[in-house]
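Hello,

Here is the structure I promised to pass on to you. Please open it alongside this email, and my notes on what turned up follow just below.

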Amino acid sequence: MKISDLINNRDFKIYFYNGTNSIINNIVCSDLHSYALNKLNNNDIWITVIAHMNTLAVAKLKNIACIILADGIKPPQDILKAAQEHKITIFLSRYPVYETAITVNNIIFHLWRLFLLFGLLFPGRFCLFLLFWLSIPTS
């Protein structure tokens, strides 16, 4: 899954998009910065309800793909300004954290089902398509 898959989904509103189309590695749901700091890795999604400068600091330090603010939490202007300065992508979800994670997970599995279906219907072309898709730069 890539960031563009979240952009194209109507369940997520973009507050700031840094222009990269990273491939997502993992989803981490946490409101504790120390836990997130321990669990987050490069190109992960962090789902939280904490719109704070420390959230951006952890995101920047761990070089994550994006932050999704769940439960309709709207970031203050100073957070948006800092996100733009540090090029941290922020999305908004109107759902609670659990439902937001399920939505992201469903997007991932939907894409895999499409890949498998395409692979079954066109095995030779699927290999070429997969090689092409994996060769597209992510940032």
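Thr48 of β3 has Leu69 of β4 standing opposite. Please keep in mind while you look at this pair that the model is a predicted one. The two strands, β3 and β4, run parallel and are joined by 4 bridges. To get from β3 to β4 the chain passes through α3, and this β-α-β crossover is right-handed.

Leu69 also leads on to the next strand, since it stands opposite Leu92 in β5. β4 and β5 pair in the parallel sense, here over 3 bridges. Helix α4 (residues 77-86) carries the chain from β4 to β5 in another β-α-β crossover, which is right-handed.

On the other flank of β3, the pairing with β2 is parallel and has 3 bridges. There, Ile27 has Ile45 of β3 as its bridge partner. Together with helix α2 (residues 33-39), β2 and β3 make up a right-handed β-α-β unit.

Now for the antiparallel part: β1 pairs in that sense with β5 (residues 90-93), over 4 bridges. Two places to click on are Phe12, whose bridge partner in β5 is Ser93, and Ile14, which stands opposite Phe91.

Put together, these strands give an open sheet of 5 strands in the order β1-β5-β4-β3-β2, with mixed pairing. β1 (12-16) and β2 (27-29) are the edge strands, each pairing on one side only. On average, neighbouring strands of the sheet are turned by 25° against each other, direction ignored.

What covers the strands inside the sheet? For β3, both faces are covered: Ile45 and Ile47 are buried on one side, and Trp46 and Thr48 are buried on the other. β5 is likewise covered on both faces, with Ile90 and Leu92 buried on one side and Phe91 and Ser93 on the other.

Helix α3 (residues 53-62) packs on the sheet, where it touches β3 (45-48), β4 (66-69) and β5. The direction of α3 makes about 165° with that of β3. A good residue to follow here is Ala59, which is found in α3. Is Ala59 buried or exposed? Ala59 counts as buried because its relative accessibility is 2%, and the cut-off for buried is under 20%. Leaving aside neighbours within four places in sequence, Ala59 is in contact with Trp46, Ile64, Ile67 and Ile88. Ala59 and Ile45 are 14 residues apart in sequence, and their C-alpha atoms are 9.3 Å apart in space.

Another residue I would show you is Thr100, in helix α5 (residues 97-121). Thr100 is buried, with a relative accessible area of 0%. Which residues does Thr100 touch, not counting those up to four places away in sequence? They are Phe12, Ile47, Ile68, Ala70, Ser93 and Tyr95. Phe12 and Ser93 will be familiar from above as bridge partners, and Ile47 as one of the buried residues of β3. The side chain of Thr100 also reaches the backbone oxygen of Pro96, at 2.9 Å.

Last, the charges. Side chains of opposite charge can pair when their charged atoms come close. How many salt bridges does a search of the whole structure find? The search finds 1. The partners are Asp11 and Arg94, and their closest N and O atoms are 3.6 Å apart. This pair links distant parts of the chain, 83 residues apart: Asp11 sits in the loop between α1 (3-7) and β1, while Arg94 sits in the loop between β5 and α5. The two ends of the salt bridge differ in accessibility: Asp11 is buried, with a relative accessible area of 15%, whereas Arg94 is exposed, with 52%.

If you would like a route through the model, start at Thr48 and Leu69, step across to Leu92, and finish at the salt bridge between Asp11 and Arg94.

Best wishes

Conventions. Residues are numbered from 1 along each chain as its sequence is written. This is a predicted model: local features need pLDDT of at least 70, side-chain atom pairs count only at pLDDT 80 or more; totals for chains, interfaces and linings use all residues. Side-chain values use heavy atoms; hydrogens and water are left out. Two strands pair if DSSP finds at least two bridges between them. Axes are lines fitted to C-alpha atoms, for helices over the stretch in contact, and angles run from 0 to 180 degrees between N-to-C directions. Contact means heavy atoms within 4.5 Å. Buried means under 20% relative accessible area, exposed over 50%, partly exposed in between (1.4 Å probe, protein chains only). A polar contact is a pair of N or O atoms within 3.5 Å; within protein, one must be able to donate a hydrogen and the other to accept it, and residues adjacent in sequence count only if both atoms are side-chain atoms. A crossover is right-handed if, with the strands pointing away from the viewer, the path from the first strand over the helix to the second runs clockwise. A salt bridge is a side-chain nitrogen of Lys or Arg within 4 Å of a carboxyl oxygen of Asp or Glu.
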